[in-house]
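Visitor: I've got a model up on the screen and would like a walk through it. Could you take my questions one by one?

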Amino acid sequence: MIKRTLRYLWGKKTLVLVAALVVLLLPNIISRDLQVRTTQIITALTIEVGDTLHITAEQLKPNPGGSSIEYETVTFAGNDIREILSDVSLAHCATINFIGEPDLGILHDLYQYQNLRANTRVNGERTIDDLLKNHDYCYPQSAA
């Protein structure tokens, strides 16, 4: 009886492989925390350039079980934009506001370093992609 079962299962290699993967990976998927609980997700930035960079950001507030989206304001300060925002996600950042004129060096660093969208508005006027295209920089487009 066992021999027959093993022979039958050997003929169904794909089914056995899928079942083994489900058994191995399912506990990891269930126990993983949501990204909003482990990573700061920034939706808007206000950058003040001076001797040091002062950044005020609006981020999604973790609200497990809540029916509405809540935001909170956080501040960052430092000299290097890459170090300041190294632990945050900018994938949902819709606006970047500079106090004064936009600093193209900072925009270039953000564009290179983070997962910032090309259609993010800078000072409410133009997109980051448009600003950087006018200064001989073009974001590499995806292969899709």
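Guide: Sure, and keep in mind that this is a predicted model. Read along the sequence, the chain runs α-α-α-β-β-β-α-β-β-α-β-β-α.

Visitor: How many helices and strands does the chain have?
Guide: You can tally them from the pattern along the sequence, which begins α-α-α-β-β-β. The totals for the chain are six helices and seven strands.

Visitor: What share of the residues counts as buried?
Guide: A residue counts as buried when its relative accessible area is under 20%. The chain has 144 residues, and the share of them that counts as buried is 26%.

Visitor: And what share of the exposed area do carbon and sulfur atoms supply?
Guide: The chain exposes about 10,200 Å². Of that area, the share from carbon and sulfur atoms is 54%.

Visitor: Which residues form the salt bridge that a search of the whole structure finds?
Guide: The search turns up one salt bridge. For that label, a side-chain nitrogen of Lys or Arg has to be within 4 Å of a carboxyl oxygen of Asp or Glu. Here the closest N and O atoms are 3.7 Å apart, so the pair qualifies, and the partners are Asp109 and Arg82.

Visitor: Which helices does that pair link?
Guide: The two residues sit 27 apart and join distant parts of the chain. Arg82 belongs to residues 81–84, and the helices linked are α5, with Asp109, and α4, with Arg82.

Visitor: Is Asp109 buried, partly exposed or exposed?
Guide: Partly exposed covers the range between under 20% and over 50% relative accessible area. Asp109 has 25%, and its partner Arg82 has 31% and gets that label too. Because its value falls in that range, Asp109 is partly exposed.

Visitor: Where is Leu104, and how far is its C-alpha from that of Ile128?
Guide: Leu104 is in helix α5, residues 104–113, and at 27% relative accessibility it counts as partly exposed. Leu104 and Ile128 are 24 residues apart along the chain, with their C-alpha atoms separated by 9.2 Å.

Visitor: Is Thr127 buried or exposed?
Guide: Thr127 lies in strand β7, residues 126–127. Leaving aside neighbours within four places in sequence, its contacts are Ala118, Asn119, Thr120, Arg121 and Val122. Its relative accessibility is 12%, which is under the 20% cut-off, so Thr127 is buried.

Visitor: Which residue's side chain makes a polar contact with the side chain of Thr127?
Guide: The contact spans 3.2 Å, and the cut-off is 3.5 Å. The partner is Asp130.

Definitions and conventions
Residues numbered from 1 in each chain as written. Predicted model: local features only at pLDDT ≥ 70, side-chain atom pairs only at ≥ 80, totals over all residues. Heavy atoms only, no water. Helix = DSSP H or I, 4+ residues; strand = E, 2+ residues; numbered from the N terminus. Buried < 20%, exposed > 50% of the residue type's maximum accessible area, 1.4 Å probe, protein only. Areas by Shrake-Rupley, 256 points an atom, 1.4 Å probe, with all protein chains shown as cover. Polar contact = N/O pair within 3.5 Å; in protein donor to acceptor, adjacent residues only side chain to side chain. Contact = heavy atoms within 4.5 Å.
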